[in-house]
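Reader: I'd love a close look at one strand and its surroundings in this model. Could you walk me through what lies around it?

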Amino acid sequence: MQQENNAKKSRRDFIKKLSIVTAGTLALASCNSPGFDEFLQGNFKTLSKKEIDKIIKNLEKKYSTKYGKEFKVSAKPAIDGTLFGYALDLSRCIGCRRCVYACVGENNQSRDPQIHWIEVLQMNKEKGIDFSEANAQYNPDLVPEEGHFYLPTSCQQCRHPQCTTVCPTKATWQEPDGIVVVDYNWCIGCRYCMAACPYGARHFNWAEPNIPDEEINPETHYLGNRPRIKGVVEKCTFCIQRSREGKYPACVEICPVGARKFGNLLDPESEIRYILENKRVLILKSELNTQPKFYYFFGV
Amino acid sequence: MNFLRFILGCFKIIFSGSRVYFAWLFFLLMMIIWGGSGYLNQLENGLIVTNMRDSVSWAFYIGNFTFLVGVAAAAVMLVIPAYIYDWKPIKEIVIFGEILAVCAVIMCISFIVVDIGNPQKFWHMLPGIGTMNWPASILTWDFFVLSTYFLVNLTVATYLLYCYFYKKHYNKSIVIPLVLFSIPMAVGIHTVTAFLYNALPARPFWNSALLAPRFLASAFCSGPAILIILFQILRKTTKFEIKDEAIFKIAELMVYAMFINLFFTIAELFKEFYSHTEHLLYWKYLYFGIGKNTELVVYAWSSIIMSIIAFVIFLVPKTRYNFFTLNLGAILIYSSVYIEKGITLIIPGFTPDTLGQIYVFVPSSTEIHTAVMIFSLGFLLFTFIVKIAIEIIFEGYSIDSLKIKKTKQYIDEKELTSINN
């Protein structure tokens, strides 16, 4: 067994060395441009602390020059003993879409073409939660409208996410605190995850994302809201750059009716635990066994 | 060295031919350039120039990919009777099925490459240098089986031609195991491609155990249909030989595939429409439309109707043994399967999307351009290899043909020097 392991290891070492040599030759040929470094960069999960630090430094420099602002790119790992959960009060939501735009601003989503991580669906009160009756394009002067209720959707942060299973490159995974993230540098843009997601939570950069310099949020996380590139998939990360610093996600803060609740599922004193204990909750498409950590409830 | 000479011979075959041959090459080249302009546009601006969006995130490209996997798999349709039942009339044409498979796989992979957002990062999914998500991701399986299938068919076709070229007998202990291996591989590539869609609970339209069997049945209809027509064209225009008997035998085998294909379709339609669950939504969109959205209805019905007519034509011996009706049937079944795989399989999987929203997808001009580019490239490659195969197998082109020319050249030079002297 030991021997077998050694053999395997040496083979892997050989392949590694071979790829390093090839990479080195190629790098030399291209005069060590930073773009080429980025091209050869490995999967985030396989990088050492040192490599990550170097990459982050380069990224901060690149973004600062591009947007003319001091940038911070964090790579803060999950905090032990945290498992983030979310709850949304369907009886309070009025469908104002403030969360949608707070999310766009906080998470540097492309303005043109438009990407929204949150989609608010207008539902028919008589039909209940029925997606075939849902309307995402509602546009009245005043919400809420007679006979309707609103169901905001975004990544449901499943415990059994199918999007990560189908990814051919391991470019997306679930972090120890339960957040499903994407390594934008590693994603090849095959969009298999989008076909696999039952909640329409994954979005693709069909073109080069476009954000005005004055609207860019320079407080970023590597696996979250840092500026994206053309041809990669992105999604809600529970505002990883905020939640790992102990703050609420932007959508929770902005909600004018207090319909959005967020917290640590492992902390018995947390707000999210209180809701699970005292309200009856439901999850979307429970028959698919994705086991979301995003709950809906009726608070009043 | 021997192999180099073989390659040299192949090149000589490719670059000589009739005017019609060069006109055909010129036409394909023009098509590649015309289509390529669209693909360049996509490379520059991103996939935004396609009509795919978040709602319908896979569409025309992936549909074509699926169809071509079927074409590639169908080479087996010819291999099974030829080798298992040792049926001679088909045996010598098996190689053309394999060549078709090789070209179809190249087109498949091309359709995947044009569909992904960052094709230059393709190496991320390779084992060793990348982080291949094997065995969890079916896409890695698909890549694996497609490349293996490609290599097996390429090896067999090249080896057979190489032996013919050197007028040697091929080594049965090399060819037979590889050919036998390619049979389960052919079933494998289409099954795995079906599994790609099949096991996504998010998409009820595909989430049926019948998907893989349906894929195989339809592939065994469309692949031989192409070959039936192709063999007749080659028989008329080159020295390629095939007996009518062999063509009719292929047609007879296709009847079974066509029946099973229709039967599976009906079985699936019955289950969906009679049980009338929420999953009916996608089928409703496909066959009747939802509200004003009836974009796919005409395709869905024409595919079914063409499939039925073709089945009747192939079933009745009188029409099967008549080349006019036989070809009509072949064109009908080919079109039926192309529409089914290219249009009515992928798009309704996404319409309505997972949140019930309807985004109407119609391929953009860039997508048409790019598809034309890939098909023309595939045809070009196929033309080259088929020409090599025909000249080597049926026109006696061999190593001697190279030598004769050399001696001739030598004599010419000798004459020249003697004249000069």
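Author: Happily! One term first: a residue counts as buried if 20 or more other C-beta atoms lie within 10 Å of its own, with C-beta atoms placed from the backbone. With that in hand, let's turn to strand β2 of chain A in this predicted model. By that count β2(A) is mostly covered, with 6 of its 6 residues buried. Its side chains split two ways: F84(A), Y86(A) and L88(A) point to one side, while G85(A), A87(A) and D89(A) point to the other, and all are buried.

Now for the neighbours. β2(A) belongs to an open sheet of 4 strands, ordered β10-β2-β12-β11 in chain A, and the pairing is mixed. At the edges are β10 (260-264) and β11 (281-282) of chain A, each of which pairs on one side only. Strands of a sheet pair through backbone hydrogen bonds, either parallel or antiparallel. Here, β2 (residues 84-89) runs parallel to β12 (residues 294-297) of chain A, and 4 bridges join them. With β10(A), the direction is antiparallel and there are 5 bridges.

Y86(A) is a handy place to see both partners: in β12(A) its bridge partner is F294(A), and in β10(A) it stands opposite F262(A). Further along, L88(A) stands opposite Y296(A) in β12(A).

Finally, a helix joins the picture. α9 (residues 271-278) of chain A packs on the sheet and touches β2, β10, β11 and β12 of chain A. The direction of α9 makes about 110° with that of β10(A).

Conventions
Residues numbered from 1 in each chain as written. Chains lettered and ligands numbered in written order. Predicted model: local features only at pLDDT ≥ 70, side-chain atom pairs only at ≥ 80, totals over all residues. Pairing = 2+ DSSP bridges. Contact = placed C-beta atoms within 7 Å. Axes fitted to C-alpha atoms, helices over the stretch in contact; angles between N-to-C directions. Buried ≥ 20, exposed ≤ 12 C-beta atoms within 10 Å, placed from the backbone.
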